[in-house]
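Here are my notes on the model you sent over. Have the structure open while you go through them.

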Amino acid sequence: MATKAKTTARTTAKTAPARRTNGVSYPAASSLPAADFVTGEGGELHQVAAGNQPVMTTNHGVPIGDDHNSLKAGPRGPTLLEDFVLREKIWHFDHERIPERAVHARGLGAHGRFELTDSLADYTTAKVLSDTGVATPVFVRFSTVAGNRGSADLARDVRGFAVKMYTPEGNWDIVGNNIPVFFIQDAIKFPDLAHAVKEEPDRGFPQAASAHDTFWDWIACTPEAMHMVMWQMSDRTIPRSVRMMQGFGVHSFRLINAEGASTFVKFHWTPVANLQSVVWDEALKINGADPDFHRRDLYNAIADGKHPQWDLGVQLFTEEEAAGFDFDHLDATKLIPEEVVPLRTIGRLTLDRNPDNVFSETEQVAFMTQNVPPGIDFSDDPLLHGRNFSYLDTQLSRLGSTNFTQIPINAPKCPFANMQRDGHMQTLPQGTRVAYTPSLIDPSGPREDPARGFRTFPAAVEGPKARVRSATFADHFSQARQFFMSQTETEQNHIIAALIFELSKVELPIIRSTMLGQLANIDAELAERVASGLGHRAPIEPVAAAVKARTDLPPSPALSILARGAPGLAGRQVGLLVTDGASSATVGALIEAAVAAGATPKVICPKVGGVDLDDGSHLRGDFQLAGGPSVLFDTVAIVASDDGTTALLGEAAAVAWTHSAFEHLKVIAATAEAQPLLDAAGVKADAGIVELAAANDAAAFVALAGEGRIWAREPMVRTVY
Ligand code: HDE
């Protein structure tokens, strides 16, 4: 570093308080860290290693003297090719991105543990499912399917729910979704599905949306997708939080016990926070207000110590019981109703640690359906078999090396050893002379273990080789209908509204009319209501169905979100819109009641600096009005003074804030002074509007908000077709 004048480093950190976020201390905004700052000749600020900091080096360990200026011939001269510091830094940057996942590109992850509470030792030798009292380390990655890595979190989309358990007998990955069935029955159709839903290749849009021609073109011609489409159009695909959705292993697997006996099993994750979704219009607006809504939510919940949890449930059934089902359990477009095979809760998953680095962990984690420990085995589901091939294959093109299992997030946490050698980026000790078995030279190397090693269940197999779909897979409509009939009226309305929204974005009339014909195979009234909402006048012609929908299947309440009861407010956010001069006592009571309910209060003010309350105290804002729209909160309260309300009436953002909360069916509390704002926003008194007058109104408001949304309001704010 040539001649650089030393400036006075500002060390106000001593006097200004530090800001603390998730355990990390940052200097207060007005200070620079107390290291040496040096100004270069061009006025640029250098921060040099002056104290205990390590010296910055190249990746080869050469100390770097100047990280702000490239090497030039003279101060204004051309840059020189010999500048290896510049070249290495930019070369590495240029190669920072790795191929994103072809599907499930946008993800968020967290570490945690799985604790088994009810041993399945009678069914499986797998330690993770038989040793209670052990905390198995876990990494979970949630994702959307269709969008690219930079897309928004609240796309209407299926959510991935992939769990990697680092068991003492190797990694076990349950690579599931938040929906228990899938679009297709045979792996060979997966590329078609993915191509149909992704952005259309000739125009590069729409991003992260199924509401376009190619998706519905393919769906309209694919009757096996109809059951999944009912789920996709339901509120399941717009979850309030990944913390509030179920997870499913989807396929049947096998458990194998010490006697070698096999039992079929399906895996279910049920959130302790209960299931909850947003409403569609809210999803659209959240995507603009905070495209990172879900990842921020999970990150903050874990950082705040509100660790999300799920119960692991299993459905266990024998080959003989399976033969009695009125569907084929090897068909991934079918589920086993909980009323037919009840869920047995066997343990709990807790997410308690955010990744240190999203790239190293969430981006590089490699899930594989074929990762199962001894004691767990596969069923013959043809979709699962295709996946077992695909997930190993895809890691090579994403992570670029056969040694991707050596990346810490993918490495087992139990001993592992074999005779595989070399390959790109090999980092393990490779042993010495002998890299094979059997060997007399070195009998000490890793050897197979017939007793404890993985053994495939010896299921008998016979039959001619043929490209064929089993006739037992042919009923595509009965469970689609059963799902629709199991929904509450509100949820049925949402499915119909979602179909109308999606099909209204389709440009080609034949796709719309064919799709209506498929819906008619599920339920004539469903098809008619969608047609009415589309303004479709021609008669609906059902598409030929291989097997007609059964109308005698009983509704399964477990398939409805709302039938599961009130969501509660724990882990949710209460938005408080507060103005200057507002009642300090009311704000205090609201904050206290929200915290007591396990919720997080957030203060929204005209200016983020905060407001002065009626007792002269100052309340800091978490959001400025325009940056904190009500869609970000589960329930809202307006605590305003007369003057504050007058000022808000001149702010479109305040009127929209209030109107949105009403339109999104939220419980709204407000002081009497805020009434003109409620009027301007078109808020009409109903069971969900609470006046904040008496001392205990805050607690009553929070209790009501814990019951969930005011569904009875919906027909007043939106047409129900
Ligand atoms: Fe996937 N899937 N998939 N999938 N899938 C991938 O694997 C694939 C399927 C699921 O957070 C990819 O590592 C095929 C069903 C999740 O990293 C890829 C078939 C279900 C994730 C792939 C399926 C899923 C993936 C992309 C049909 C629900 C994200 C990158 C045979 C049970 C995992 C990668 C994560 C990811 C292929 C069907 C869920 C391309 C060929 C059914 C949750 O390999």
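Which residue is the protein donor of the iron atom of the ligand?

1. The iron. Keep in mind that this is a predicted model. Y391 is the only protein donor of the ligand's iron atom, and its OH sits at 1.8 Å. Since water is not among the atoms, the site may look incomplete. If you want to find Y391 along the chain, look in helix α9, which spans residues 382-399.

2. The sheet. Six strands form an open sheet with parallel pairing, in the order β20-β17-β16-β21-β22-β23. The edges are β20 (623-624) and β23 (689-691); each has a single partner strand, so one side of each is left without a neighbour in the sheet.

3. One pair inside that sheet. Strands β16 (residues 573-578) and β17 (residues 600-605) run parallel and are joined by five bridges. A handy place to look is L576, which stands opposite V603 in β17.

4. Helix α6. Which residues of α6 (residues 293-303) are buried? They are F293, H294, D297, L298, A301 and I302. These buried residues cover an arc of only 150 degrees around the axis, which puts them on the same side of α6.

5. What lies over that side. The cover of the buried residues of α6 includes four strands and a helix you can pick out by number: β6 (107-116), β7 (135-144), β8 (159-167) and β14 (344-353), plus α5 (280-289).

6. After the helix. G305 follows α6, and its phi is positive, near 80 degrees.

Terms used. Residues are numbered from 1 along each chain as its sequence is written. This is a predicted model: local features need pLDDT of at least 70, side-chain atom pairs count only at pLDDT 80 or more; totals for chains, interfaces and linings use all residues. Side-chain values use heavy atoms; hydrogens and water are left out. Donors are N, O and S atoms within 2.8 Å of the metal (3.2 Å for Na, K and Ca); water is not among the atoms, so sites may look incomplete. Helices (H or I, at least four residues) and strands (E, at least two) are DSSP runs, numbered from the N terminus. Two strands pair if DSSP finds at least two bridges between them. Buried means under 20% relative accessible area, exposed over 50%, partly exposed in between (1.4 Å probe, protein chains only). The arc is that of the directions from the helix axis to the C-beta atoms. Contact means heavy atoms within 4.5 Å.
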